[in-house]
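Reader: I would like to go through this model in short steps. Can we begin with how the chains meet?

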Amino acid sequence: MSQDTHAEHHDVIAEIKKVTIILSVLTIVELILGFWMIGITSEGLRLAIKGVIVILMMAKAFYIVAYFMHLKHELKNLIMTIVVPLALFIWFIIAFLADGNSFKNLRNNYDPYFKEQATIKAEKKEHGAHGATPSSHEKGASNEGEHKTKEGHK
Amino acid sequence: MSNVTTASTKEAKWWNGGKSPFDVEYGKVMMWYFLMSDAFTFGAFLISYGTVRFSTNGWPDPNLVFKSFPFAPEGVNAPLVFVSIMTFILIVSSVTMVLAVHAGKMMDKKGVVKYMIWTIIGGIAFLSCQAWEWNHLHHEGAWWGRNPFMNADGTASTSNFTNFFFTITGFHGFHVFSGVVINIVMLIMTLMDKFEQRGHYLMIEKAGLYWHFVDLVWVFVFTCFYLL
Amino acid sequence: MSHEAALHTSLGHDDHGHHEHHDTFLTKYVFSQDHKMIAKQFLITGMVWAVLGGLMSVLFRLQLGYPDASFPWLESILGKWAKGGQITPEAYYALVTTHGTVLVFFVLTAGLSGTFANFLIPLQIGARDMASPFMNMLSYWFFFAASIVMLSSMFVETGPFSGGWTAYPPLSALGDASPGSKTGMDLWIIAMALFVVSSLLGGLNYIATILNMRTKGMTMTRLPLTIWALFFTAILGVLSFPVLLSGLILLIFDRNFGTSFYLSDIFVNGVGALSNEGGSAILYQHLFWFLGHPEVYIILLPAMGMVSEILSVNSRKPIFGYMAMLGSLFAIAALAFLVWAHHMFVTGLNPFLGSVFVLLTLLIAVPSAIKVFNWLTTLWRGNIRFTPGMLFAIGFVSLFISGGLTGIWLGNAALDIHLHDTYFVIAHFHIVMGVASMFGMFAGVYHWFPKMYGRYLNNSLGYIHFWVTMAGAYLIFWPMHYEGLAGMPRRYFDFSIWESFKQFAELNRFISTVSMIVFAVQILFLINFFYSIFKGRKVTTKNPWESNTLEWTTPINPGHGNWPDEIPEVHRWPYDYGKDGVDFIPQDVPVGENESSH
């Protein structure tokens, strides 16, 4: 009995070590991708990297739930009652994001004011300045301002 | 009470009644379903964030927003560095929590106390980091309804970037805070030998589930706000 | 191992029944942890709300039926909300809004599934109590707190929230949008947040109890359909209410902290363009209906479950197609999460996305039809006993068909654009969800009253109650279909100023008159209910309906712990009626040697 639990103890510790390393590596890869993305301007490539990051995120979530939360070692009954309802998120996400995107397109097509807003350059701000002025309340000002800075283009 | 010998001969028939089909006590079933429910709360927040972001033309670049570091000189450009430290703090505290749960299963009171203390320290460290970051952003002029950052393409940004950032990280921080409180209560109960008297450390397991869930949510929050 | 020992001690509450508590009034009736008492608390609180909500509907029907008349007595009740004996528009909108909120959440969610989940789950699965009696008690008290907050919102200076029970922004997000958008809305949000906590505490308990605490032999396919329905209800609640909570938290920020989650730079009369930018009111609607649609089934499923049980018992026949019933319950529960945007076809929803939602919505017709046909075939050639409970169950089936069919119309985006926000919608959801679930609730009360109080309800009053309510429900809501097809919009204060709606003045007066009669009959039911608790005919046998389920194996007035001795073991499914020529075989009877298998 005590030998059993002893062996079990080592297995568990080994597993925790393994998962810790996997999680760290996944996070580091995510961060590397994040740093890499800073210099990239191609929209397609950025999207691809973001896709990879999301996949890595799901992998991390899997390891946390399966090993740290011990779900992988529970009975299949429990695993199924947890995992199956989570499938609801698929349609939850797709429908919300698709309609959000559609709302943007609708407004860009039919609301000239909305579209115009998206082309107004913000005035360059001194970062770190205390009490910087909120941007959302001064659209009138930036509308008239002819001295808009063009540095925003990259 | 159920007869142990008959129960073991009908091992496969989990659903026959008279016992848990999951072989766990009801508290853990409740905790799992509570976490599912909480997952929908956070899910709804993050999906709302995604929806608004998808319905807006421009969005700030996180690397230009989250680029500061405590004690570093003003104007330092260190994107992702501070948040990666926060992420590692939370991962490490999750690991110590697993170790505490495991020590509990082994009925190792000293182990439980040691790892619980580390977990609590990790939680407080994370909260401190978050407090610093919030404070820093507030000084830069960011708050609910105020967004000093411009979009990645240089156009004027709406305030929803900061609105969602503060709401969701705030809600997550609130969860971390309550997790720390729960862990402190668990630590006190362990020190008072409550679990030794009960003969099991199941409460630690449930607190552990909650703590890992908080870590899990951070995985999503971190990705959505700092990387994507 | 210690782990297993812990499992066993926490699994069985065997010790509950044995030691006698010396209960004080406070622990027995107020802070009770007995699931049966908590159920009664839910029921009676729900009834108080039903009366208030019903009274509100009578008041606004009075306005719709008699838009030009003045009733001086109204002013003496409502004060400034009925200046000169006429309900003011502000009061009208507040009444409509509160009627909706109260009936949907407080009566048909807490009052229905709170009552019957608490009462029936431990009794029917063979458990001494809920998994956590303490959390169960908390669940009621959170509901009570929500009730108090909602009630108090009616007495604030600016009145309760008045922007519709769905609380769409900008009416709910801008404090100055309407009188009710000020304190009334704040209190509405607080009440709903408390309500979410209550339903979460309850739901977790129901799920854990049904999964973990079934008695020996009670496999999942031996559960009465009531329990299955309550199980799915609990899951729906636990997974959908949090989304409302998130939506409401964002709403609080919009109201108080200058954010623009739901607000954009819309033009407001007298104010100009708002300074908010980038928000989307549609987002709120998505979040709301992600709860709101499962909520419809949270209301409907318990009624479906109880009706299945009552129909089977009172037609002395096994329920037809148990597995099909179970499958359709599951299908309805799953689809409930996938169809929310069919409430939003006219918001500017992406048409392609809309068509997907149409498809998913129409799919619900399949499991619904399966259930209806199974109920009808259960009745077919049955040896039917027309108890009041049975009549209400049959009434439920009738209403579910009538209201469900118009759902197929409304589920089509193309038709919905014409019918949206008209009285057609009112007729549809009141019949299929409002009145039908109310019928399920009445059926449950009539059927399980003997178990709750050890006395019978008066049958004659029950028959009057049923027939008037049944006829009344159709007389009130059927004509509304015509009004809706003619384009009469909902939530309007006064139709008499439109030439095209003048033709409906008579009809509106008729509907209002019937609604008052139906309301009066509900008072008769209440009299019956409270009279019978104290003076009703006493139940003399353990199993008055000759039913198979476990709750009828308990004593006539079961104490805390339900069974004085051992919990019975279960050997068969709950629907062995008329099997091998035997009228009924309770679940705890062992299977005989020569018995045929079902």
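Author: Two residues are in contact if their C-beta atoms, placed from the backbone, lie within 7 Å. Note that this is a predicted model.

Reader: How many residues of chain A are in contact with chain B?

Author: On the other side of this interface, chain B contributes 54 residues. By class, the chain A side has 29 nonpolar, 19 polar and 9 charged residues. The number of chain A residues in contact is 57.

Reader: Which helix gives the largest share of the side of chain A that touches chain B?

Author: α1 (2-38), α2 (43-68), α3 (76-86), α4 (88-110) and α6 (139-144) of chain A each supply at least two residues. The largest share is 12 residues, and the helix that supplies it is α1(A).

Reader: Which helix of chain C gives the most to the side that touches chain B?

Author: Here 46 residues of chain C are in contact with 40 of chain B. Helices α1 (2-11), α7 (183-212), α8 (225-256) and α9 of chain C each give two or more residues to that side. By class, the chain C side has 25 nonpolar, 17 polar and 4 charged residues. With 9 residues, the one that gives the most is α8(C).

Reader: Are α9(C) and α13(C) parallel or oblique to each other?

Author: Helix α9 (residues 281-314) and helix α13 (residues 388-410) of chain C have axes that come within 9 Å. These axes cross at roughly 125°. Angles over 145 degrees count as roughly antiparallel and 65 to 115 as roughly perpendicular. α9(C) and α13(C) are therefore oblique.

Reader: Which residues of α13(C) meet α9(C)?

Author: α9(C) brings C:A303, C:V307, C:I310, C:L311 and C:N314 to the contact. The contact residues divide into 8 nonpolar, 2 polar and no charged. From α13(C) come C:G389, C:M390, C:A393, C:F396 and C:V397.

Reader: Is C:R381 buried or exposed?

Author: C:R381 lies in the loop between α12 (365-379) and α13 of chain C. Its phi is near 60°, a positive value in a residue other than glycine. A residue is exposed if 12 or fewer other C-beta atoms lie within 10 Å of its own. C:R381 has 9 such neighbours inside 10 Å, so it counts as exposed.

Reader: What is omega of the peptide bond from C:P169 to C:P170?

Author: Most peptide bonds are trans. C:P170 is found in the loop between α6 (133-152) and α7 of chain C. The bond from C:P169 to C:P170 is cis, with omega near 5°.

Key: Residues are numbered from 1 along each chain as its sequence is written. Chains are lettered from A and ligands numbered from 1 in the order in which they are written. This is a predicted model: local features need pLDDT of at least 70, side-chain atom pairs count only at pLDDT 80 or more; totals for chains, interfaces and linings use all residues. Axes are lines fitted to C-alpha atoms, for helices over the stretch in contact, and angles run from 0 to 180 degrees between N-to-C directions. Helices (H or I, at least four residues) and strands (E, at least two) are DSSP runs, numbered from the N terminus. Angles under 35 degrees count as roughly parallel, over 145 as roughly antiparallel, 65 to 115 as roughly perpendicular and the rest as oblique. Ala, Val, Leu, Ile, Met, Phe, Trp, Tyr, Cys and Pro count as nonpolar, Asp, Glu, Lys and Arg as charged, and the others, Gly among them, as polar. A residue is buried if 20 or more other C-beta atoms lie within 10 Å of its own, exposed if 12 or fewer, and partly exposed in between; C-beta atoms are placed from the backbone.
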